[in-house]
Amino acid sequence: QVQLVESGGGLVQPGGSLKVSCVASGSIFSMGWYRQAPGKQRELVATVTITGNTKYADAVKGRFTISRDNAKNTGYLQMNSLKPDDTAVYYCNAKSSITGGNYWGQGTQVTVLS
C-alpha cells in the first residue's frame with residue numbers, strides 16, 4: 001500500500017511559478033503528475049522513474065520540470081511560465097516497486113488567473 005500526499009498548489013498570475021510536492025509512503029518505482037481541468041479528462045503532465053528518466057507532455061515541455069528525491073521519497077513538479085490553460089487539479093501518481101500497483105494522491109488545485 002502506497003499513500004501519496006500532495007501540497008503546494010495555489011493561485012498565480014500568468015507567467016508566474018509554482019512548485020507542487022508529493023510525499024510517498026512505501027517503496028515506489030515511478031512517480032508522475034497528471035492534471036484534470038473542469039470538463040476535461042485527466043491527462044499526463046510528466047513522469048520520472050527511480051533512475052531519473054523523465055517524460056513530459058508536449059504542452060508543458062520547457063516550462064515544467066519533474067524531479068524526485070529518493071532519500072525523502074518525495075517528488076516535485078516545478079511549474080514556470082504558467083498559463084491560464086494550466087489551471088487544473090494536479091494529481092500525484094506512483095507505481096509501487098513492491099506490488100506494481102498504481103496509486104493516486106488526493107489532488108491539489110492550481111489556478112492561473114486569466
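## Exercises on pocket, core and strand pairing

By class, seven charged, three polar and three nonpolar residues make up the lining of the largest pocket. (Asp, Glu, Lys and Arg count as charged; Ala, Val, Leu, Ile, Met, Phe, Trp, Tyr, Cys and Pro as nonpolar; the others, Gly among them, as polar.) The model is predicted, so local features need pLDDT of at least 70 and side-chain atom pairs pLDDT 80 or more, whereas totals for chains, interfaces and linings use all residues. Residues are numbered from 1 along each chain as its sequence is written, and side-chain values use heavy atoms, without hydrogens and water.

**Exercise 1.** State the volume of the largest pocket and identify the lining residues nearest its centre.

*Solution.*
- Step 1. The largest pocket holds about 190 Å³ of space. (A pocket is an open set of 1 Å grid points where a 1.4 Å probe fits, with protein on both sides within 12 Å along at least five of seven lines; lining residues have an atom within 4 Å of a point.)
- Step 2. Of its 13 lining residues, Arg35, Lys40, Glu43, Asp85 and Asp86 lie nearest the centre.

**Exercise 2.** Locate Arg35 through its bridge partners in β9 and β5.

*Solution.*
- Step 1. Strand β4 runs antiparallel to β9, and seven bridges join them. (Strands are DSSP runs of E, at least two residues long; two strands pair if DSSP finds at least two bridges between them.)
- Step 2. Within β9, Tyr90 is the residue opposite Arg35.
- Step 3. β4 also pairs with β5, antiparallel and over five bridges; here Arg35 faces Glu43.
- Step 4. Six residues separate β4 from β5 in a hairpin, and Gly39 in its turn has a positive phi of about 75 degrees.
- Step 5. Both Arg35 and Glu43 are among the residues nearest the centre of the largest pocket.

**Exercise 3.** Which members of the largest nonpolar core touch the most other members, and what does Phe64 contact?

*Solution.*
- Step 1. The core has 27 residues, and those touching the most other members are Leu4, Trp33, Val45, Phe64, Leu77, Met79 and Tyr90. (Such a core joins buried Ala, Val, Leu, Ile, Met, Phe, Trp, Tyr and Cys residues through side-chain atoms within 4.5 Å.)
- Step 2. At least two core residues come from each of β3, β4 (28-36), β5 (43-48), β7 (64-69), β8, β9 (88-96) and β11 (108-112).
- Step 3. Beyond four places in sequence, the contacts of Phe64 include Val45, Leu77, Met79 and Tyr90, and also Arg35 and Asp86. (Contact means heavy atoms within 4.5 Å.)

**Exercise 4.** Is Ser21 buried or exposed, and which residue is its bridge partner in β1?

*Solution.*
- Step 1. Ser21 belongs to strand β3, which pairs with β1 (residues 3-7) in the antiparallel sense over five bridges.
- Step 2. The bridge partner of Ser21 is Ser7.
- Step 3. β3 pairs with β8 (residues 74-79) as well, antiparallel over six bridges; Val23 is there matched with Thr74.
- Step 4. Ser21 counts as buried because its relative accessibility is 17%. (Buried is under 20%, exposed over 50%, partly exposed in between, with a 1.4 Å probe and protein chains only.)
- Step 5. Apart from neighbours within four places, Ser21 contacts Val5, Glu6, Ser7, Trp33, Gly75 and Tyr76.

**Exercise 5.** Give the C-alpha separation of Ser30 and Val48, and that of Ala59 and Val20.

*Solution.*
- Step 1. Ser30, in β4, is 18 residues from Val48 in sequence and 5.8 Å from it in space.
- Step 2. Val48 is one of the residues that Ser30 touches, as are Arg68 and Asn93.
- Step 3. Ala59 lies in the loop between β6 (54-56) and β7; with a relative accessible area of 48%, Ala59 is partly exposed.
- Step 4. Ala59 and Val20 are 39 residues apart along the chain, with 18 Å between their C-alpha atoms.

Terms used:
Helices (H or I, at least four residues) and strands (E, at least two) are DSSP runs, numbered from the N terminus. Grid points are joined across faces, edges and corners, and a volume is the space filled by probe spheres set on the points.
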